[in-house]
Amino acid sequence: MSTPPKVPLLDLTRQYQQLAEGVRQRVAEVFAKQQFVLGDTVEHFERRFCEMFGTAHAVGMSSGTDAELAVFMALGIGRGDAVITTPYTFFATAGCIDRLGAETVFADICPDTMHLDANRVAQTLATMRRNADGTLLTQRGNRLRALVPVHLFGSVCDMDALQKLADEYQLAVLEDASQAVGAKYPSTTGTRDAGTFGEAAWFSFFPTKNLGGAGDGGMAVCQNPGLAARLRAMRNHGMTASYHHEMVGGNFRLDALQSAVLQEKLPHLAAWNAKRRHNAALYKRLFQEFLPEGGVVLPAEPWAASGIADHHTFHQYVIRVANRDHVKQHLSGAGIGHAVYYPLPLHLQPCFAHLGYGSGDFPEAERASRESLALPIFPELEEHEILAVAKAVSEAVKSRTETNR
Ligand SMILES: Cc1ncc(COP(=O)(O)O)c(C=O)c1O
């Protein structure tokens, strides 16, 4: 039998212990009603989601991936179109674009935030041909329709800068907010929630997310009622009236059981996100103490100076170290949970070889893949565990530096 880690990367059982009674009750209500697919429970959760995250419409989906797919399908993005996004994200972001026959165009990330870099996007757009109507054509002759920022690891991309580019080139902004539920951004138009900038956005309720279900789940959100109606149809085979299909959709429906669990968790999210920030602040203090000469790059908090409480939700706490694989080995030996998000950027994934990108095309994404290391950050972590993680990382960094001398 393998021994449990001294500090797990994530332990969902601790959260469940606090919620068990409420979750059981809600699940029992769904069983009593025997309405498992869509219906009141899902609608109620969708309404609460809108109220909490400042969006007009929320459409529950079977996963974050399916929510993304439904958004593209509802906007008619497919063959002959292109979408620009980051190569440093979870696979689904680009996987959905490709599955629909559209071309994925990548632009590199900012070295500090690891978000899509507006300057790189601008450079890429500047290389494209412009149609008479002002829209852009990629080298392959596809029409660039959308810009997909990914609010990676729990903080929002620089949306003012990206929106400006989208306006200039008539691109739909479609936010991948899968990792940023509850995160806010200090826009020049006021403080705004992740998911409220573009024409549409999607969230993931994968169990490991800050708001995680008891299985797969997701949400597509938008401000426009017409688009919301198309999304509702799209998640149900494109059906607009009983067995009448205006478009081809899929089965992307959110289950009532998932909605019930998520509904029970929703009121706790703000406190959980605050605890994640508290844990991040403790890491910062400890690393400053243990590694006064540096050696570890801590996660950027690009909107901290704004004073907004939810400027970061630390879905992941991702440090960067030059000697990452040595640190990883040391942490494994010390029983400290960790993970690499993401070891191979999307432009180098074999399934995207047809896009024609190669090594060296996006140096910042490639460097992030070599240096990133996610440490435990979940809300129920205890201080002594954070101390153990910070000590183990610092020892590894120091031992490597000493061997190099
Ligand atoms: C950035 C990003 N996009 C999309 C997804 C897909 O969400 P799901 O796993 O719910 O399909 C995820 C989930 O891991 C994600 O992190």
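**Figure 1. Composition of the shell around the ligand in the predicted model.** The residues of this shell fall into three classes: nine are polar, three are nonpolar and two are charged. The shell comprises 14 residues, and those that come nearest to the ligand are Gly64, Thr65, Asp176, Ser204 and Lys209. Two helices, H3 (64-74) and H4 (92-99), each contribute at least two residues to the shell.

**Figure 2. Polar atoms of the protein beside the ligand.** At glycine 64, a backbone N or O atom is placed 2.8 Å from an oxygen atom of the ligand. The side chain of threonine 65 has an N or O atom at 2.4 Å from an oxygen atom of the ligand. A nitrogen atom of the ligand takes part in a further pair, lying 3.2 Å from an N or O atom in the side chain of serine 178. The ligand taken alone exposes 390 Å², and 92% of that area is buried by the protein.

**Figure 3. The largest pocket, whose space is taken by the ligand.** The volume of this pocket is about 540 Å³. Its lining is made up of 30 residues; Gln179, Phe206, Thr208, Lys209 and His315 are the ones nearest the centre of the pocket. Helices H3 and H4, together with strand E10 (200-204), are the elements that each give two or more residues to this lining. Helix H3 gives the most, with three residues. Sorted by class, the lining of the largest pocket contains 13 nonpolar, twelve polar and five charged residues. Lys209 is thus named both among the residues that come nearest to the ligand and among those nearest the centre of the pocket.

**Figure 4. The largest cavity of the structure.** The structure contains two cavities of 30 Å³ or more. The largest cavity encloses about 90 Å³ of space. It is lined by 13 residues, and Thr113, Phe153, Pro299, Ala300 and His312 lie nearest its centre. The class counts for the lining of the largest cavity are seven nonpolar residues, five polar residues and one charged residue.

**Figure 5. The cis peptide bond between tyrosine 341 and tyrosine 342.** The bond that leads from tyrosine 341 to tyrosine 342 is cis, and its omega angle is near 5°. Tyrosine 342 belongs to the loop that runs between helix H10 (324-334) and helix H11 (363-371).

**Figure 6. Backbone conformation at glutamine 170.** Glutamine 170 is not a glycine, yet its phi angle is positive, at about 55°. This residue is located in the loop between helix H6 (159-168) and strand E7 (172-176).

Definitions and conventions
Residues are numbered from 1 along each chain as its sequence is written. This is a predicted model: local features need pLDDT of at least 70, side-chain atom pairs count only at pLDDT 80 or more; totals for chains, interfaces and linings use all residues. Side-chain values use heavy atoms; hydrogens and water are left out. A residue is near a molecule or strand if one of its heavy atoms lies within 4 Å of it. A polar contact is a pair of N or O atoms within 3.5 Å; within protein, one must be able to donate a hydrogen and the other to accept it, and residues adjacent in sequence count only if both atoms are side-chain atoms. Accessible areas come from the Shrake-Rupley method with a 1.4 Å probe; for residues, only the protein chains shown count as cover. On a 1 Å grid over the protein atoms alone, a cavity is a set of points where a 1.4 Å probe fits but cannot get out, and a pocket is an open set with protein on both sides within 12 Å along at least five of seven lines; lining residues have an atom within 4 Å of a point. A molecule sits in a cavity or pocket if more than half of its atoms lie within 2 Å of its grid points. Helices (H or I, at least four residues) and strands (E, at least two) are DSSP runs, numbered from the N terminus. Ala, Val, Leu, Ile, Met, Phe, Trp, Tyr, Cys and Pro count as nonpolar, Asp, Glu, Lys and Arg as charged, and the others, Gly among them, as polar. Grid points are joined across faces, edges and corners, and a volume is the space filled by probe spheres set on the points.
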